[in-house]
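Please open the model in a viewer and display it as a cartoon, with side chains available on request. The stops below are meant to be selected in order.

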Amino acid sequence: SQRAGTDGEMLQPGHSPPASQQQQGLGGAGKSHRLMVQPALTEAYMTQQVMPQHANSVNITFGGQVMSWMEQCAYISASRLRAPHTLTAAMDSVTFAKATKVGHILYVTSQVTAIFGSSLEVQVSVHGEDPAEGALFHCADAYVTLVAVAGTGAQVPAGPVQLPFQLA
């Protein structure tokens, strides 16, 4: 699969855009060109097994643990756009459809759904499986907003940076 550029050129997966596009975009008079990327190229997948340390005293998975896995998967999707560093700004519309228990396997999927200058919106879904039964079921959904920031080497990031991509 390939990514199309603004002038019809294709960007190969695993290759960054030219430095001029990474920093400020191309063109003059404030005109910025961003490379087009298919949302499917930002898909990420994680598999987690619920262990006793992930659950409460009645073996139901902590919601915060599921949210942590969702955030990690969202970060992987965002990293596919080669943002220098990203920080989680918000987690919206978190819904838990069905509880999971110790021993269940969780499948976390994410995909970038919108790019707004220096921030990204990532949709995350979680499905579960009880290995004893084998059937998949829907567990949770959320939207995670990540902000791309410049790294300074210090503990505090320098500030937002523009992303050189837009969704096709």
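A nonpolar core, as the term is used on this tour, is a set of buried Ala, Val, Leu, Ile, Met, Phe, Trp, Tyr and Cys residues joined through side-chain atoms within 4.5 Å. The model to be inspected is predicted.

**The whole chain**

Begin with the full cartoon. The secondary structure comprises two helices and 10 strands, and along the sequence these elements follow the pattern β-β-α-β-β-α-β-β-β-β-β-β. Of the 168 residues of the protein, 35% count as buried. Among contacts with a separation of 6 or more, 66% are between residues 24 or more positions apart.

**The largest nonpolar core**

Next, select M70, L106, V108, V124 and V126. In the largest nonpolar core, which has 25 residues, these five touch the most other members. The elements that contribute two or more residues to this core are β4 (44-49), α2, β6, β7 and β8.

Centre the view on M70, which lies in helix α2 (residues 63-79). Is M70 buried or exposed? Its relative accessibility is 0%, so M70 counts as buried. Leaving aside residues up to four places away in sequence, M70 touches M91, V108, V124, V126, A140, D141 and A142. A second methionine may be added to the selection: the C-alpha atoms of M70 and M46 are 9.0 Å apart, with their positions 24 residues apart along the chain.

Now move to V126. Which residues does V126 touch, not counting residues up to four places away in sequence? The list consists of V66, M70, L106, Y107, V108, H138, C139 and A140.

**Strand β7 and its two partners**

Select residues 119-129, which form strand β7. Eight of the 11 residues of this strand are buried, and β7 is therefore largely enclosed by the rest of the structure.

Add strand β6 (residues 105-116) on one side of the pairing: β6 and β7 are antiparallel, with 11 bridges between them. A useful register mark is Q111, which stands opposite Q123 in β7. The two strands form a hairpin with two residues between them, and G117 in the turn has a positive phi of about 65 degrees.

Then add strand β8 (residues 136-150), which runs antiparallel to β7 and is joined to it by 11 bridges. Here the register can be read from H127, which stands opposite H138 in β8. The hairpin of β7 and β8 has six residues between the strands, and within it G134 takes a positive phi near 85 degrees.

When side chains are shown on these strands, one general point helps in reading them. In a regular strand the side chains alternate between the two faces of the sheet.

**Cysteines and rings**

Select C73 and C139. C73 is buried, with a relative accessible area of 0%, and C139 also counts as buried, at 3% relative accessibility. How many disulfides does the structure hold? The number is zero.

The structure likewise holds zero aromatic pairs. A charge does sit over a ring, however: select K98 and F137, where the charged end of K98 lies over the ring of F137, 4.6 Å from its centre.

**H104, in the loop before β6**

Keep F137 displayed and add H104, which is placed in the loop between β5 (85-96) and β6. Although it is a loop residue, H104 is buried, with a relative accessible area of 10%. Apart from residues up to four places away in sequence, H104 touches Q48, Q49, V50, E129, D130, P131 and F137.

**Strand β5: D92 and S93**

Select D92 in strand β5. D92 is partly exposed, at a relative accessible area of 38%. Beyond residues up to four places away in sequence, D92 touches A142, Y143 and T145. Another acidic residue to display is D141, whose C-alpha is 9.4 Å from that of D92, across 49 residues of sequence.

S93 is also placed in strand β5. S93 is exposed, with a relative accessible area of 53%. Its positive phi, of about 50 degrees, occurs although S93 is not a glycine.

**Last stop: N59**

Finally, select N59 in the loop between β4 and α2. N59 is not a glycine, yet its phi is positive, at about 65 degrees. Its relative accessibility of 42% lies between the 20% and 50% limits, so N59 counts as partly exposed.

Methods: Residues numbered from 1 in each chain as written. Predicted model: local features only at pLDDT ≥ 70, side-chain atom pairs only at ≥ 80, totals over all residues. Heavy atoms only, no water. Buried < 20%, exposed > 50% of the residue type's maximum accessible area, 1.4 Å probe, protein only. Helix = DSSP H or I, 4+ residues; strand = E, 2+ residues; numbered from the N terminus. Pairing = 2+ DSSP bridges. Contact = heavy atoms within 4.5 Å. Disulfide = S-S within 2.5 Å. Phe/Tyr/Trp six-rings, centres within 6.5 Å; stacked < 30°, edge-to-face > 60°. Lys NZ or Arg CZ within 6 Å of the ring centre and 35° of its normal.
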